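This report walks through a structure in short sections, each keeping to one part of the fold or one set of contacts. Please keep the sequence and the coordinates at hand while reading.

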Amino acid sequence: MSPPIDLTDQDEFQRRVPHDWFTWLRENAPVHWNPEPNGRGFWAITRHQDVVAVSRDTDTFSSEIGASALEDLEPDALEARKSMIDMDPPGHTALRRRLTPEFTRRAVADYELRVRHTVHEVLDAALPKVEFDFVHDVAATIPIRVLCDILGVPAGDQKLLIDLGDRMFGNTDPDITDVLLDSEASDRFRLLPFRSPAAAEMFEYGRWLAAQRLDAPRDDLVSHLVHGRAGAPPLRDRDFDAMFLLLVVAGNETTRSALALGIQAFAEHPAAWERVRESGGHELPLAVEELLRYTTPLHHFRRTATRDVVLHDTQIAEGDKVVVWFTAANRDDAVFDRPDELDVTRASNPHTSFGRGGPHRCIGEHLARLEIAVTLDELRRRVGRIEVVGEPVRVRSNFTNALRVLPVAARNS
Ligand code: HEM
């Protein structure tokens with residue numbers, strides 16, 4: 001019998017990640033119709049192979065009608081809120097190319113010393129306390145510092161950007177925002193990303209920074225975007241707004257989740273942590289991939305069918321919303337042995353946490369890996385035992401798999 005599956009149930013996602021639902025769906029209804037209380041409903045895609053195929057086939061499964069929002073957007077809202085994540089090639093390709101110099105594997109390798117320095121500072125401040133909130137003191141701090149460094153955001157403004165990003169990503173959590181996504185109050189903000197007033201503040205901040213860098217360019221990403229560089233004309237006005245906002249929310253919240261959920265997982269699996277500690281660092285890349293798979297910081301992205309299409313004998317109609325569930329694909333036993341186990345030595349790990357197969361695959365993946373690897377490496381040297389010593393608080397969201405609070409004790413032995 002089917003469990004009572006409702007993938008729009010934000011309360012359930014706040015309590016837990018419903019892996020049992022996804023297991024049932026993969027086995028029994030790999031293309032599953034999920035009605036929505038305030039929308040037209042969507043098809044949920046849960047098998048690994050299908051998530052990859054849908055992501056790859058941008059002609060049939062378009063991002064142009066909104067990729068990060070499940071909302072049914074009116075044309076004016078769609079236009080006003082569009083960033084490159086809501087575009088198909090070739091428009092998407094041209095915008096994405098402007099970011100590549102900062103995010104290639106080679107460019108990211110050059111950031112290692114800076115990232116290590118940041119991690120040292122953050123751990124030097126947190127670890128002497130022994131008991132602390134890992135989200136606030138460590139996970140939230142590292143990614144934003146690194147990102148601000150790349151963008152050229154002054155250090156004093158990091159907290160503001162964390163707060164704005166939280167309010168956008170937490171738009172379904174009443175403890176984070178006072179304008180809930182499905183509330184009438186959010187109608188006023190329907191032309192803004194995440195239907196959130198915080199997006200207007202983020203735009204305003206981005207424009208202020210862009211103006212500074214237009215006057216006095218530096219060697220940072222915002223300067224490169226507003227002035228343009230070889231083969232890439234300047235990015236201005238709403239194109240700049242959208243890109244700045246996308247970078248801040250995409251590059252910050254996600255890595256924070258991977259770090260916090262990862263530490264929670266290690267607290268629950270001390271043998272895995274012991275293995276990471278003993279690995280001497282050479283197994284670290286495998287542990288990073290496993291952590292990304294096991295935690296899956298973003299649950300899903302959305303596409304829209306551009307034509308009638310049949311998938312597993314199920315008729316999908318032109319205009320239907322199709323949602324790829326990375327969380328489900330990452331536990332597919334057709335691809336992963338013992339998928340529910342945290343195995344930090346897992347050698348084959350084609351997880352979907354950064355997307356897979358399509359043109360939107362996370363551009364920050366190398367940076368995220370570096371941040372996670374360096375944080376684990378430094379923790380491994382300094383922390384013998386990690387315990388969760390209070391109630392973790394999850395964000396109420398079926399989009400971001402995130403913790404707001406994770407009280408831990410991190411001891412030497
Ligand atoms: C663990 C951390 C991260 C996770 C789990 C993650 C996950 C994702 C996912 C699932 C996508 C969409 C993939 C698709 O639709 O195929 C994405 C896109 C994106 N990510 Fe990440 N991300 C992370 C870190 C970062 C970082 C550090 C940055 C740096 C700024 C970043 C920037 C972006 C951007 C700009 C896009 C849009 C790419 C496009 O549309 O072409 N992400 N990410």
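## A buried serine in a loop

S353 has a relative accessible area of 10% and is therefore buried, the cut-off for that term being under 20%. The model in which this value was computed is a predicted one. In the chain, S353 belongs to the loop that runs between α17 and α18 (365-382).

The side chain of S353 takes part in two polar contacts that can be inspected directly: one of its polar atoms lies 2.7 Å from the backbone oxygen of L292, and a polar contact of 2.9 Å joins it to the side chain of N330. When residues up to four places away in sequence are left aside, S353 touches L292, R293, T296, P297 and N330.

## A buried methionine beside the ligand shell

M84 is placed in the loop between α4 (75-81) and α5, and with a relative accessible area of 8% this residue is buried. The C-alpha atoms of M84 and L95 are separated by 6.5 Å, although the two residues are 11 residues apart along the chain.

Leaving out residues up to four places away in sequence, M84 touches H92, L95, R96, L99, M243, L246 and H360. Among these, H92, R96 and H360 also appear with R303 and C362 in the list of residues closest to the ligand.

## The surroundings of the ligand

Which residues come closest to the ligand? The ligand is surrounded by 29 residues, of which H92, R96, R303, H360 and C362 are the closest. By type, the residues of this shell divide into 18 nonpolar, 8 polar and 3 charged.

Polar atoms of the protein approach the ligand at several points: a polar side-chain atom of H360 lies 2.7 Å from a ligand oxygen atom, a polar side-chain atom of R303 lies 3.0 Å from an oxygen atom of the ligand, and a polar backbone atom of A250 is 3.3 Å from a nitrogen atom of the ligand. The elements that contribute two or more residues to the shell are α5 (91-97), α14 (237-268) and β5 (300-305), and α14 gives the most, with 7 residues.

## The open sheet

Five strands make up an open sheet with mixed pairing, in the order β1-β2-β8-β5-β3. Its edge strands are β1 and β3 (61-62), each of which pairs on one side only.

At one edge, β1 and β2 (residues 39-45) pair in the antiparallel sense over 5 bridges, and these strands form a hairpin with 2 residues between them; within this pairing, V31 has I45 of β2 as its bridge partner. At the other edge, β3 pairs with β5 in the antiparallel sense over 2 bridges, where F61 has A305 of β5 as its bridge partner.

## One face of helix α2

Helix α2 (residues 19-28) contains the buried residues W21, F22, L25 and R26. Viewed down the axis of α2, its buried residues fall within an arc of 130°, so they line one face of the helix.

What do the buried residues of α2 pack against? Their packing partners are α1 (10-15), β1 (31-36), β8 (321-325) and α17 (326-329). Of these partners, β1 and β8 are also strands of the open sheet described above, while α17 is one of the two helices that bound the loop holding S353.

Conventions. Residues numbered from 1 in each chain as written. Predicted model: local features only at pLDDT ≥ 70, side-chain atom pairs only at ≥ 80, totals over all residues. Heavy atoms only, no water. Buried < 20%, exposed > 50% of the residue type's maximum accessible area, 1.4 Å probe, protein only. Helix = DSSP H or I, 4+ residues; strand = E, 2+ residues; numbered from the N terminus. Arc of directions from axis to C-beta. Contact = heavy atoms within 4.5 Å. Pairing = 2+ DSSP bridges. Near = heavy atom within 4 Å. Polar contact = N/O pair within 3.5 Å; in protein donor to acceptor, adjacent residues only side chain to side chain. Nonpolar A, V, L, I, M, F, W, Y, C, P; charged D, E, K, R; others polar.
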